[in-house]
Amino acid sequence: MKRKQVINISICIAAVIVFLAVCRELYSQRYRGSDIYPQFSSLRSDPFGTKVLYLSLERSGAFEVSRNMRFLDEIDNPAGHTVLIIGAHSRLLDAKPDVLNFALRGGRVVLCYSPFRIAGKKEEEQENPITKVQKKIDKDKLKKTKLPDTGLKLERHVLPPAFPAKAKPTAAVKKQMLLEFDFYSAWYFIPDAQKWQTLYTLRGKPVMIRRKYGSGDLILCSDSFLLSNEGMSGRPSGELLLYLLGENKKILFEETHLGAYHSRNVAWLIYRYNLQWFLLVLAVAAGLYIWRSLMTPSDSNRPVNEVPDETIDNDSLAAPAGLFRKDYSARELPQLCLEEFLQSGPGKRLNKQKVDQMKAECQLNKPLDAYNSCVRVYKTKEKFKG
C-alpha cells in the first residue's frame, strides 16, 4: 500500500474517533442535566422530575412499574392498573379521552395538574405539533365512545396563599390516617358534590377529589409538587402515597401528555420482525466493500501491461486490458473492430458493396490506414441510378 493511502486512511479513522468522542461528551452532558426531558417526567432526575418516585416504587419490589408512551386504549385489561399522570395541563381530560376511557374500563387514574400549565389558549398554541396530531388521533379514535360527564370545573384563588401552604385532609379521610402535605398551587376544583368526594382542601376549597368512574376510579389533584423529586425529598406520608396507588400492583407513569410518544417507526419494524442480523450483515458487507476500495490499488495508475488477469469486470480499464491480453496481431485488430461494428445498428444498415470494400481495406492496410479508409467508405454517399 502506498504511503499516501495509509495517511488518508489514518486521517479518516482519527476524524471518526474524534467525532464520536465529541458526540458522546455532548450527549452525556445534556442527559446529565436532565433538562432534555419535560417537567414532571419520570425520566428527569432534577427537582422538577418524578424519577425518585419511579425508582422508589420499582426498587420496593411490591409493584410492577413501567412507563407508558402509547395509547392507554392499547392496554387490554386496565383492571389492576394504576396510571399516574403528573404535570398535566388543565384541558387534558378533553384532549385525551383515552384517560377517561381507561378509568371507565376498570383502571385507576391519578391525575395531578401542573400549576404552570393551567393557562388556556397559550398552552395550546405552544404545544408540540406532533402532540397535537396525536391528540387528534385520540379524539377520532374515541369519538363514538360515550363518556360520562365529569361534572368538574377548575378555578383559581383571587388572593393566592403564601407557599408552601398546607393541604388538609377532610374528616372523611382522616379516619384512614392521611396527613396534610405541602401545596404550591393556587388552583382548586368546583366539583359536583353528588359525583365527587373531597379528599383534601386548601382554604376550604377542594384541591384533591375522587369519584367512581365506570368500573374504575378517578383521583384529581390541582398540584403535582407532592409526587415530584423535590416533594419526595420532604418525605411525604407513605399512607397517602399508598392511598393514591390503591390496591393495584401494576403502576404506569404516563408520558404521552408530556409529548413522549412511542411511535411505530422503522426501528419498531426491525425489532418486530427480528431484522437486526440482516442489518448487521449489510453493515459488514458495506464495511468490506469500503475496505476493499481503500486497500486495492487503482488500475488507472498502472500501465496496461501490468494489469493482472484478475482485474474485475467493472474496472475502468477492464475492457481494453482484456482486449490487449488476447494476443491479437496488429493486422487482426482492424478486422475484429469491423466485425463488432457490423453487428451494431449502423453497421447492419450498410449495403454489401460497402461492407466488402471495408473488409478489403482492413486486410490491405495498416491498422491506422485501415481505420481511415473504413471511415471514408462509410461516409461515401451512395449514387442512385435514375
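N248 is a buried residue, with a relative accessible area of 16%, and its position in the chain is the loop between α9 (238-245) and β11 (250-254). The model in which N248 sits is a predicted one, and the protein it describes contains 16 helices and eleven strands. Of the 386 residues in the protein, 36% are buried, while the accessible surface comes to about 24,600 Å², with 57% of that surface belonging to carbon and sulfur atoms. Among the contacts with a separation of 6 or more, 67% are between residues 24 or more positions apart.

**The surroundings of N248**

- The side chain of N248 reaches the backbone oxygen of H81 at 3.0 Å, and the side chain of N248 also makes a polar contact with the side chain of T82, at 2.9 Å.
- Leaving aside residues up to four places away in sequence, N248 touches F63, G80, H81, T82 and R108.
- N248 counts as buried because its relative accessible area, 16%, falls under the cut-off of 20%.

**Nonpolar cores and a surface patch**

- The largest nonpolar core has 34 residues, and within this core Y200, M208 and F253 touch the most other members. Helix α9 gives the most to this core, contributing five residues.
- Another core, of 21 residues, lies apart from the largest one, and its members include V109, L111, W196 and L218.
- On the surface, Y273, L275, F278, L279 and L282 form a nonpolar patch, and together these residues have about 510 Å² of accessible area.
- One member of the patch, F278, is found in helix α11 (residues 276-295), and F278 counts as exposed, at 52% relative accessibility.

**An enclosed helix**

- Helix α4 (residues 97-104) is largely enclosed by the rest of the structure, because seven of its eight residues are buried.
- The buried residues of α4 are P97, D98, V99, L100, N101, F102 and A103.
- Just after α4 comes G106, which takes a positive phi of about 115°.

**Backbone features in loops**

- The peptide bond from F163 to P164 is cis, with omega near 0°, and P164 is found in the loop between β4 (152-156) and β5 (165-169).
- F40 has a phi near 70°, which is a positive value in a residue other than glycine. This residue, F40, has its place in the loop between α1 (3-33) and α2 (51-60), and F40 is buried, with a relative accessible area of 7%.
- R203 likewise has a positive phi in a residue other than glycine, here near 60°, and R203 is found in the loop between β8 (197-202) and β9 (205-213).

**Salt bridges**

- Side chains of opposite charge can pair when their charged atoms come close. The structure holds nine salt bridges.
- One of them joins the side chains of E254 and K96, at 4.0 Å from N to O. This pair links distant parts of the chain, since E254 is in strand β11 and K96 is in the loop between α3 (92-95) and α4, with their positions 158 residues apart.
- Both partners of that bridge are enclosed: E254 counts as buried at 3% relative accessibility, and K96 is buried with a relative accessible area of 1%.
- The side chains of D356 and K352 meet in another salt bridge, at 2.9 Å from N to O. These two residues are separated by about one helical turn, because D356 and K352 are four residues apart in helix α15 (residues 352-364).
- Within this helical pair, D356 counts as partly exposed at 38% relative accessibility, whereas K352 is exposed, with a relative accessible area of 62%.
- Salt bridges that share partners join R108, R210, K212 and D217 into one network.
- Within that network, the side chains of K212 and D217 meet at 3.6 Å from N to O; K212 counts as exposed at 52% relative accessibility, whereas D217 counts as buried at 11%.
- R108, a member of this network, is also one of the residues that N248 touches.

Definitions and conventions
Residues numbered from 1 in each chain as written. Predicted model: local features only at pLDDT ≥ 70, side-chain atom pairs only at ≥ 80, totals over all residues. Heavy atoms only, no water. Buried < 20%, exposed > 50% of the residue type's maximum accessible area, 1.4 Å probe, protein only. Contact = heavy atoms within 4.5 Å. Areas by Shrake-Rupley, 256 points an atom, 1.4 Å probe, with all protein chains shown as cover. Polar contact = N/O pair within 3.5 Å; in protein donor to acceptor, adjacent residues only side chain to side chain. Core = buried A, V, L, I, M, F, W, Y, C linked by side-chain atoms within 4.5 Å. Patch = residues over 30% accessible without salt bridge, like charges linked within 9 Å, V, L, I, M, F, W, Y side chains within 5 Å.
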